[in-house]
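Colleague: Please take a close look at one part of this model. Start from a single residue and work outward. Keep it brisk.

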Amino acid sequence: MLTLAGVGRSFGPKQALQDVSMKIDRGDFVCVVGASGSGKSTLLSIVAGLVAPTDGEVALDGVPVVGPGPERGLVCQSGAVYPWRTVERNIAFGLELLGLSRAERKARVDWYLAETGLTPFRHALPKQLSGGQRQRVAIARALACEPEVLLLDEPFGALDVQTKEDMQVFLRGVWQDTGTTVLMVTHDVEEAVFLSRRVIVLSSDPGRVAADVAVDLPDPRDLAVKRTPEFLALRAEVEDLVRAFHRSHV
Ligand SMILES: Nc1ncnc2c1ncn2[C@@H]1O[C@H](COP(=O)(O)OP(=O)(O)OP(=O)(O)O)[C@@H](O)[C@H]1O
């Protein structure tokens, strides 16, 4: 279980996050939404161990987070794949750091290439891929280390609508196949409701947990669910919450 207890972060006089507490069960899929500047990226960076909280504590299975670690894999909007490495060598990157044997590395790389639909591109360089394919490489690279928690910061933010929907379906499938816990930040409420089982809404200035909404939609899901009254009602509810907790300070 991932636990945040009273997490706060200020940057000089600016209080970006204040008293953020949540518990995320193993295997859950949780999205954090909120207006721009509500502290979503800061929250994810704290869980990733890249930014230290000024208050409170983050722990994974009771172990305090004090820095980055292989049990928490992070993927950002830009993906940040290594341009000089082929797809398979990008996916192998973290495995080299973990010190796995050559045979174990190959088995894992093969599995995650297949899981992410990238086997035909294993020898390609990132510049030969589309934006969506590059994000698949970044996700495959994070997953190959078999993290307990996959941390995603607006991973599809730079993609066009069709590619974004393909990637949403892809990510849900990967989540179902691997059982990884996913904590994802997005400003796209439709995406959050489609993907997750729980949506946490952050207020702005300072970023606090304003709402925690359970998404009781059927599993597995396909894109058709986006047209159902249940989906549309949840989406409207979360959009209203985002707006309400943003408007309060402008
Ligand atoms: N390194 C930093 N130095 C100073 N201020 C920062 C720093 N990082 C974040 N902030 C401030 O903290 C607040 C939260 O920023 P953050 O990027 O976490 O928000 P966000 O919800 O992810 O925004 P967006 O949706 O626009 O990406 C903002 O007011 C931002 O200016």
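Modeller: Glu-146 is partly exposed, because 17 other C-beta atoms lie within 10 Å (20 or more would make it buried, 12 or fewer exposed; C-beta atoms are placed from the backbone). The model is predicted, so local features need pLDDT of at least 70 and side-chain atom pairs pLDDT 80 or more, while totals for chains, interfaces and linings use all residues. Numbering starts from 1 along each chain as its sequence is written.

Glu-146 sits in the loop between α4 (131-144) and β7 (149-153) (helices are DSSP runs of H or I, at least four residues; strands are E, at least two; both are numbered from the N terminus). Its phi is positive, about 50 degrees, although Glu-146 is not a glycine.

Asp-205 has a positive phi too, about 55 degrees, and is not a glycine either. Asp-205 lies in the loop between β9 and β10. With 18 other C-beta atoms within 10 Å, Asp-205 is partly exposed. The peptide bond from Asp-205 to Pro-206 is cis, with omega near 0 degrees. Pro-206 belongs to the loop between β9 (198-202) and β10 (209-214). Another cis bond joins Asp-219 to Pro-220, with omega near -10 degrees. Pro-220 is in the loop between β10 and α7 (229-247).

Strand β10 also holds Val-213. Val-213 has 18 C-beta neighbours inside 10 Å and so counts as partly exposed. Beyond neighbours within four places in sequence, Val-213 is in contact with Arg-198, Val-199, Glu-237 and Val-238 (contact means C-beta atoms, placed from the backbone, within 7 Å). From Val-213 to Arg-243 is 30 residues in sequence, and 15 Å in space, C-alpha to C-alpha.

Back to α4, the helix before Glu-146's loop. The axes of α2 and α4 come within 7 Å and cross at roughly 30 degrees (axes are lines fitted to C-alpha atoms, for helices over the stretch in contact; angles run from 0 to 180 degrees between N-to-C directions). That makes α2 roughly parallel to α4 (under 35 degrees is roughly parallel, over 145 roughly antiparallel, 65 to 115 roughly perpendicular, the rest oblique). On the α2 side, Val-87, Asn-90, Ile-91, Phe-93, Gly-94 and Leu-95 take part; they meet Val-137, Ala-140, Arg-141 and Ala-144 in α4. By class, this contact has seven nonpolar, two polar and one charged residues (Ala, Val, Leu, Ile, Met, Phe, Trp, Tyr, Cys and Pro are nonpolar; Asp, Glu, Lys and Arg charged; the others, Gly among them, polar).

Helix α2 (87-98) also packs on α3 (102-115), at about 130 degrees, with axes 10 Å apart. That makes α2 oblique to α3. Here α2 gives Glu-88, Ile-91, Ala-92 and Leu-95, which meet Arg-105, Arg-108, Val-109, Tyr-112 and Leu-113 in α3. The α2 and α3 contact has six nonpolar, no polar and three charged residues.

Last, the ligand. Phe-11, Lys-14, Ala-16, Gly-34, Ser-36, Gly-37, Ser-38, Gly-39, Lys-40, Ser-41, Thr-42 and His-187 surround it (C-beta atom, placed from the backbone, within 6 Å). Elements giving two or more residues to this shell are β2 (14-24) and α1 (40-48). Helix α1 has the largest share, three residues. The shell divides into two nonpolar, eight polar and two charged residues.

Conventions: Two residues are in contact if their C-beta atoms, placed from the backbone, lie within 7 Å.
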